[in-house]
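Colleague: Could you take me through one part of this model in some detail, and set it against the whole chain? I'd like the big picture first, then the close look.

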Amino acid sequence: MQVRMISKWQWLLAQLTRTLWVRASLYAVLAVAAALLAIVVQQLLPGPLPVTVGADAVDRILDILASSMLAVTTFSLRETLHKSAICLSTQPRV
């Protein structure tokens, strides 16, 4: 069996990418890049797109997303509280 060694820089990069703020910052940078790319692509298009999305459709999509996020958050919070209640109710054996 061959053991693969990684360099110090690879290990540091792996540790850094596991932190939450790095991932959030990467998503923010990608969002700004996507917005700037949209400006460039808009100038390359010959005219307005034939499909328009109404405010009602956007409102419905945002409503679905909000409901889903609320359900996931409620479930996660319930499970976290359940696990902490179990941990607090048990006594260590002496």
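Modeller: Sure. Keep in mind that this is a predicted model. Burial is a good place to begin: buried residues make up just 1% of the 94 residues in the protein. The surface comes to about 9,400 Å², and carbon and sulfur atoms supply 71% of that exposed area.

As for the fold, there are three helices and zero strands, so reading along the sequence gives the pattern α-α-α. The radius of gyration is 24 Å, well over the 12 Å that the globule rule gives for 94 residues, so the protein is more spread out than a compact globule. If you want dimensions, the C-alpha atoms fill a box of roughly 75 × 45 × 25 Å along the principal axes.

Now for the close look, and I'd pick helix α3, which covers residues 55–89. Leu65 sits in this helix, and Leu65 also belongs to a nonpolar surface patch together with Val51, Val53, Val58, Ile61, Leu62 and Met69. Taken together, those residues have about 700 Å² of accessible area. Leu65 itself is partly exposed, at a relative accessible area of 45%. That value clears the 30% cut-off for patch membership.

Charged side chains turn up in helix α3 as well: Asp63 and Arg60 are both there, three residues apart, which puts about one helical turn between them. These two form a salt bridge, with their closest N and O atoms 3.3 Å apart. Asp63 is partly exposed too, with 39% relative accessibility.

How many salt bridges does a search of the whole structure find? Two. The other pairing to look at is Arg78 with Glu79, where the closest N and O atoms are 3.8 Å apart. With a cut-off of 4 Å, that distance still counts as a salt bridge. Glu79 has a relative accessible area of 27%, so it falls in the partly exposed class. As a general point, side chains of opposite charge can pair when their charged atoms come close.

Zooming back out to charge across the whole protein, there are 8 positive and 4 negative charges, and their mean positions lie 28 Å apart.

To pull the close look together: helix α3 holds Leu65, a member of the nonpolar patch, and also the Asp63 and Arg60 pair, which is joined by a salt bridge.

How values were computed. Residues are numbered from 1 along each chain as its sequence is written. This is a predicted model: local features need pLDDT of at least 70, side-chain atom pairs count only at pLDDT 80 or more; totals for chains, interfaces and linings use all residues. Side-chain values use heavy atoms; hydrogens and water are left out. Patches are made of residues with over 30% relative accessible area and no salt bridge: like charges are joined within 9 Å, nonpolar side chains (Val, Leu, Ile, Met, Phe, Trp, Tyr) within 5 Å. Accessible areas come from the Shrake-Rupley method with a 1.4 Å probe; for residues, only the protein chains shown count as cover. A salt bridge is a side-chain nitrogen of Lys or Arg within 4 Å of a carboxyl oxygen of Asp or Glu. Helices (H or I, at least four residues) and strands (E, at least two) are DSSP runs, numbered from the N terminus. Buried means under 20% relative accessible area, exposed over 50%, partly exposed in between (1.4 Å probe, protein chains only). The radius of gyration is taken over C-alpha atoms; the globule rule is 2.2 Å times the number of residues to the power 0.38. Lys and Arg count as positive and Asp and Glu as negative; His and the chain ends are not counted. The place of a charge is taken as NZ of Lys, CZ of Arg, CG of Asp or CD of Glu.
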